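Reader: I should be grateful for a close look at a single part of this structure. Please begin from one residue and follow its surroundings outward in a connected account.

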Amino acid sequence: MTYAEMKRILSMTDDAAEKLEIVMDFGAHMPPVPDSAVCSDIVGCASWVQICRDGNRFYGRADSALVRGIVAIITAMVDGKTPDEIKKMNLGDEFAGLQLNLGTGRLGGVNSMVSFLQNL
């Protein structure tokens, strides 16, 4: 699923709990990480998170349903883009625009993922 599709689906509701259910569904449908991908553990997340890259394709893994969904959204934002293109993006503001009701710990993890991607 593309990021544009995810954003459109999330915009269809203002209910915070429903949005989080949708995010978890995104995570449940993430594509598997190919064997050729290079994976990095993301430091600063409360959960175990890996972001993986195979060329300009991005994948991810996490140990909780909600975090898998967050990883699915963030990797979809950058999928197909080069490191230089990613550096020019404002991933933090874009993610904030989704208006997900996440706690401080989860937002810290989002910031760690964004920082990792913008420093490829």
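**From a loop serine to a lined cavity**

Author: Leaving out residues up to four places away in sequence, Ser 64 touches Ser 47 and Arg 106. The model is a predicted one, and every value below is computed from it. Ser 64 itself is found in the loop between β3 and α3. With a relative accessible area of 18%, Ser 64 is buried, since the cut-off for that class is under 20%.

The two contacts of Ser 64 lead to an enclosed space. Ser 47 and Arg 106 are among the residues that line the largest cavity. One cavity of 30 Å³ or more is counted in the model, and the space in the largest cavity is about 50 Å³. Its lining also includes Cys 45, Ala 46, Val 67, Ile 70, Gly 105, Gly 109, Val 110 and Met 113. Two elements, α3 (65-78) and α6 (104-118), give two or more residues each to this lining. The greatest contribution, five residues, comes from α6. By class, the lining of the largest cavity holds six nonpolar residues, three polar ones and one charged one. The charged residue is Arg 106, a contact of Ser 64.

The helix α6 deserves a fuller description. It contains 15 residues and spans 21 Å from its first C-alpha to its last, close to the 21 Å expected at 1.5 Å a residue. Its buried residues are Gly 109, Val 110, Ser 112, Met 113, Val 114 and Leu 117. Of these, Gly 109, Val 110 and Met 113 also appear in the lining of the largest cavity. An α-helix has 3.6 residues a turn, so residues three or four places apart point the same way. That rule suits the pair Gly 109 and Met 113, both of which are buried in α6. The cover over the buried residues of α6 includes β2, β3, α3, α4 (83-87) and α5 (91-96).

Two loop residues may be placed around this helix. Gln 99 belongs to the loop between α5 and α6. Most residues other than glycine have a negative phi. Gln 99, although not a glycine, has a positive phi of about 55 degrees. Gln 99 is exposed, at a relative accessible area of 59%. Met 89, in turn, lies in the loop between α4 and α5 and counts as partly exposed, at 23% relative accessibility. The C-alpha atoms of Met 89 and Val 114 are 10.0 Å apart, with their positions 25 residues apart along the chain. Apart from neighbours within four places in sequence, Met 89 is in contact with Met 77, Val 78, Lys 81 and Gln 118.

The cavity lining also raises the matter of the cysteines. Cys 45, one of the lining residues, is buried, with a relative accessible area of 16%. The closest cysteine sulfur to that of Cys 45 belongs to Cys 52, and the 13 Å between them is too far for a bond. A disulfide is a covalent bond between the sulfur atoms of two cysteines. The structure holds one disulfide, which joins Cys 39 to Cys 52 with an S to S distance of 2.2 Å. Because Cys 39 lies in strand β1 (residues 38-41) and Cys 52 in strand β2 (residues 49-54), the pair ties together parts that are 13 residues apart in sequence. The torsion about the S-S bond is about 110 degrees, so this disulfide is right-handed. Cys 39 is partly exposed, at a relative accessible area of 28%, whereas Cys 52 is buried, at 0%. The strand that holds Cys 52, β2, is included in the cover over the buried residues of α6.

The elements on either side of the Ser 64 loop, β3 and α3, also contribute to an open space. The largest pocket contains about 350 Å³. Its lining has 20 residues, of which Met 1, Thr 2, Met 6, Pro 31 and Ala 76 are the closest to the centre. The elements that give two or more residues to the pocket lining are α1 (3-10), α2 (16-28), β3 (57-62) and α3. The largest share, four residues, comes from β3. The pocket lining comprises 12 nonpolar, four polar and four charged residues.

How values were computed:
Residues numbered from 1 in each chain as written. Predicted model: local features only at pLDDT ≥ 70, side-chain atom pairs only at ≥ 80, totals over all residues. Heavy atoms only, no water. Disulfide = S-S within 2.5 Å. Buried < 20%, exposed > 50% of the residue type's maximum accessible area, 1.4 Å probe, protein only. 1 Å grid on protein atoms, 1.4 Å probe; cavity = no way out; pocket = protein on both sides within 12 Å on 5 of 7 lines; lining within 4 Å. Points joined across faces, edges and corners; volume = space filled by probe spheres on them. Nonpolar A, V, L, I, M, F, W, Y, C, P; charged D, E, K, R; others polar. Expected span 1.5 Å × (residues − 1). Contact = heavy atoms within 4.5 Å.
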